[in-house]
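Let's take a friendly walk through a protein fold, one strand and one helix at a time. Please have your viewer open.

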Amino acid sequence: MLTDALGRPLRDLRVSVTDRCNFRCVYCMPKEVFGPGHPFLPRSEVLSYEEIARVVRVFVALGVRKVRLTGGEPLLRRDLPRLVEMLAAVPDLEVTLTTNGSALAALAAPLAQAGLRRVTVSLDSLDDAEFRAMNDVDFPVARVLAGIDAAAAAGLAPLKVNMVVKRGLNDRSVVAMARRFHGTGHVVRYIEYMDVGSTNGWRLDDVVTAEEIVAAVHRELPLEPVPRDDPSETALRWRYLDGGGEIGVVASVTRAFCGGCSRARLSADGHLYTCLFATTGTDLKAVLRGGASDDGLADAVRAVWSARTDRYSELRSAATPPRPRVEMSFIGG
Ligand code: SAM
Ligand code: SF4
Ligand code: SF4
């Protein structure tokens with residue numbers, strides 16, 4: 001079995017299918033940086049669906065069992081169900097998707113028909129004004145909620161609903177989010193605001209900790225912890241004492257989980273990153289377009305993964321000096 005330098009297997013692959021997005025979430029693609037003149041990737045630099053499927057098959061042969069399509073906003077990529085269908089045909093592979101939900105009402109049914117099994121929708125507030133301010137393109141929350149309903153109707157339930165919590169911005173909406181999805185089967189996953197990329201002006205003071213989040217929900221809807229069954233799971237799980245379901249908290253700032261991290265990331269331009277906080281990636285597109293065989297591609301991946309020592313979150317401290325890092329919208333969450 002392929003393991004990295006710290007003994008961690010390669011199990012999950014996140015594939016960014018585009019670096020573009022129709023939102024400008026303040027914590028991810030701030031408008032001042034991702035403005036009208038921003039140089040997004042030219043189409044020729046973006047991997048085709050055939051290229052993505054080939055790379056994914058090589059990763060599956062090396063141990064990957066789950067692929068998550070992400071971005072940028074993956075639903076902006078034309079005909080995404082075609083890629084889902086190609087990946088759903090790969091044996092031993094689960095295909096999932098993370099989306100801002102803006103186009104889900106129209107695409108949920110074709111995606112489910114193509115073989116998508118699960119979807120995660122990002123939703124930072126139920127309050128329309130607060131949501132519009134966070135996506136910073138004035139997108140109404142009702143359309144994302146319609147997307148969630150469409151996904152459930154298409155058989156993609158239960159969904160995961162990701163909420164990034166940033167102090168002073170949407171922290172007062174934590175409990176409302178729990179209430180909205182309590183009893184529905186959908187699982188809210190609160191995400192500590194992270195210092196990914198180098199453009200969002202992250203400060204430790206802006207992080208609402210997992211402990212604070214759980215305490216706030218627990219005061220209104222009592223919770224108990226759920227034991228972790230999968231070491232590579234990113235979320236700490238809690239269940240409602242009244243049987244109303246579960247929540248998760250991704251505490252990558254206050255409770256780092258690098259020890260079980262089995263995730264690799266492929267950017268839209270075919271670079272392999274071994275950590276969300278990486279500064280550089282390995283150009284697999286050059287290997288692919290240089291005419292390498294599947295064995296040649298597998299060798300390139302093996303060389304990168306077996307040398308991997310990443311554990312950024314465990315090493316992070318308030319004193320971490322700023323350094324240029326790849327943006328989250330480039331390599332996916
Ligand atoms: N556009 C899609 C979406 O928003 O779901 C997929 C890509 S987005 C980069 C993936 C996830 O990363 C989203 O749930 C988003 O909220 C999260 N994310 C982005 N920036 C973040 C940050 N600074 N801290 C924590 N999570 C972040
Ligand atoms: Fe776009 Fe997702 Fe980043 Fe928001 S979090 S700007 S929806 S990529
Ligand atoms: Fe994995 Fe890097 Fe996140 Fe640690 S910081 S859990 S190694 S992606």
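The tour below begins with the strands and ends in the nonpolar core. Keep in mind that this is a predicted model.

Start at strand E1, residues 12–16. Its neighbour is strand E2, which covers residues 66–70. E1 and E2 run parallel and are joined by five bridges. To find one of these pairings, look for Asp12, whose bridge partner in E2 is Lys66. Together with helix H1, the two strands make a right-handed β-α-β unit.

Where does the chain go from E2? It crosses through helix H2, residues 80–88, to reach strand E3, and this β-α-β crossover is right-handed too. E3 spans residues 94–99 and runs parallel to E2, with four bridges between them. Here you can pick out Arg68, which has Thr96 as its bridge partner in E3. E2 thus pairs with E1 and also with E3. Is E2 mostly covered or mostly open? Mostly covered: four of its five residues are buried.

Now turn to the packing. The largest nonpolar core has 109 residues. Which of them have the most contacts inside this core? They are Phe59, Leu69, Leu123 and Tyr190. Helix H1, residues 49–61, gives the most to the core, with eight residues.

Tyr190 is a good place to finish. Leaving aside residues up to four places away in sequence, Tyr190 touches Met163, Val165, Val174, Met177 and Ala178, as well as Ile213 and Val217. The run Ile247, Gly248, Val249 and Val250 completes its list of contacts.

Conventions
Residues numbered from 1 in each chain as written. Chains lettered and ligands numbered in written order. Predicted model: local features only at pLDDT ≥ 70, side-chain atom pairs only at ≥ 80, totals over all residues. Heavy atoms only, no water. Core = buried A, V, L, I, M, F, W, Y, C linked by side-chain atoms within 4.5 Å. Buried < 20%, exposed > 50% of the residue type's maximum accessible area, 1.4 Å probe, protein only. Contact = heavy atoms within 4.5 Å. Pairing = 2+ DSSP bridges. Right-handed = clockwise from strand over helix to strand, strands pointing away.
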